[in-house]
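Q: I would like to learn how to read a structure feature by feature. Could you take me through this one slowly?

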Amino acid sequence: MSIVILDAMESENYISEALVETIRDRGIEPLHFKLENMEILQCRSCGACSFKSPGKCIVKDDMHDILREIAKCSVLIMLTPIRFGGYSSNLKKAADKLMHLCLPTYTVKYGHLLHPARYGTKFMLGIGVYAGNSKDEESSYKRLVENNALNVQYKHKAIVLKQSEDIAEVKEKVACTLREVC
């Protein structure tokens, strides 16, 4: 079992620490990418990754290292503050480039035109951290994770944590979710 964490939380925070600690308690050493410390450029939608250099972005940034590790992992965890029902800008830039892990051909699945996964099926766990109490934003976030997982044909689950939750509650929710996934 290998786990990659795309951590879009700003600065040091107890939720990132609790997530890593909970995974380590299961005997797994996750690869933890702190996105705020990395150079990830926006996708230009140029199509070069499909035809000129299949599976590889022609833009030189830190996503090449991240994608290499995601290709080898079995679980991808995306940790982000929820912004207007979606990902933070740092995670959005990284998520847009997940399509490099797919083949440039198409298949029809679940009534959708999708790219087949290049490196097999994985599990995507979206963990959103939210300060508010809007059920619409929470459901929008969960739908976004579901749609991103569909695009890369991964199994998925999305959970929402409140910023006000104490560390014990966060660890319990993460541990319970990891038991379902791993």
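Q: To begin with a single residue, in which strand does Leu113 lie?

A: Leu113 lies in strand 5, residues 112-114, where helices (H or I, at least four residues) and strands (E, at least two) are DSSP runs numbered from the N terminus. Before we go on, please keep in mind that this is a predicted model, in which local features need pLDDT of at least 70 and side-chain atom pairs count only at pLDDT 80 or more, while totals for chains, interfaces and linings use all residues. Residues are numbered from 1 along each chain as its sequence is written, and side-chain values use heavy atoms, with hydrogens and water left out.

Q: Is Leu113 buried or exposed?

A: The words rest on relative accessible area, with buried meaning under 20%, exposed over 50% and partly exposed in between (1.4 Å probe, protein chains only). Leu113 counts as exposed because its relative accessibility is 58%. Its C-alpha is 8.9 Å from that of Asn151, although the two residues are 38 apart in sequence.

Q: Which helix holds Leu144, and how far is Leu144 from Gly86 in space?

A: Leu144 is found in helix 5, residues 135-152, and is partly exposed, with a relative accessible area of 25%. From C-alpha to C-alpha, Leu144 and Gly86 are 6.8 Å apart in space, while 58 residues separate them in sequence.

Q: How should I read a helix that has a buried side, and which residues of helix 6 are buried?

A: The general idea is that an α-helix has 3.6 residues a turn, so residues three or four places apart point the same way. In helix 6, the buried residues are Val170, Val174, Ala175, Thr177, Leu178 and Val181. They lie on the same side of helix 6 because they cover an arc of only 165° around the axis, the arc being that of the directions from the helix axis to the C-beta atoms. On the face turned away from that buried side, helix 6 carries the exposed residues Ala168 and Glu180.

Q: How many disulfides does the structure hold?

A: A disulfide is a pair of cysteine sulfur atoms within 2.5 Å, and the structure holds zero of them. Cys43 is in no disulfide, and the nearest cysteine sulfur, that of Cys49, is 6.2 Å away. For Cys102, the closest cysteine sulfur is also in Cys49, but at 9.8 Å it is too far for a bond. Cys43 is partly exposed, with a relative accessible area of 37%, whereas Cys102 is buried, with 4%.

Q: How is empty space found, and which residues lie nearest the centre of the largest pocket?

A: Rolling a probe the size of a water molecule over the atoms shows where empty space is left. Here a pocket is an open set of points, on a 1 Å grid over the protein atoms alone, where a 1.4 Å probe fits, with protein on both sides within 12 Å along at least five of seven lines; lining residues have an atom within 4 Å of a point. The largest pocket is lined by 22 residues, of which Cys43, Cys49, Ser50, Met99 and His100 lie nearest its centre. Helix 2, residues 48-51, gives the largest share of this lining, three residues.

Q: Where is Phe84 placed, and what is notable about its phi?

A: Phe84 is in the loop between strand 3 (75-81) and helix 4 (89-96), and has a positive phi of about 55° although it is not a glycine. Phe84 is also exposed, with a relative accessible area of 82%.
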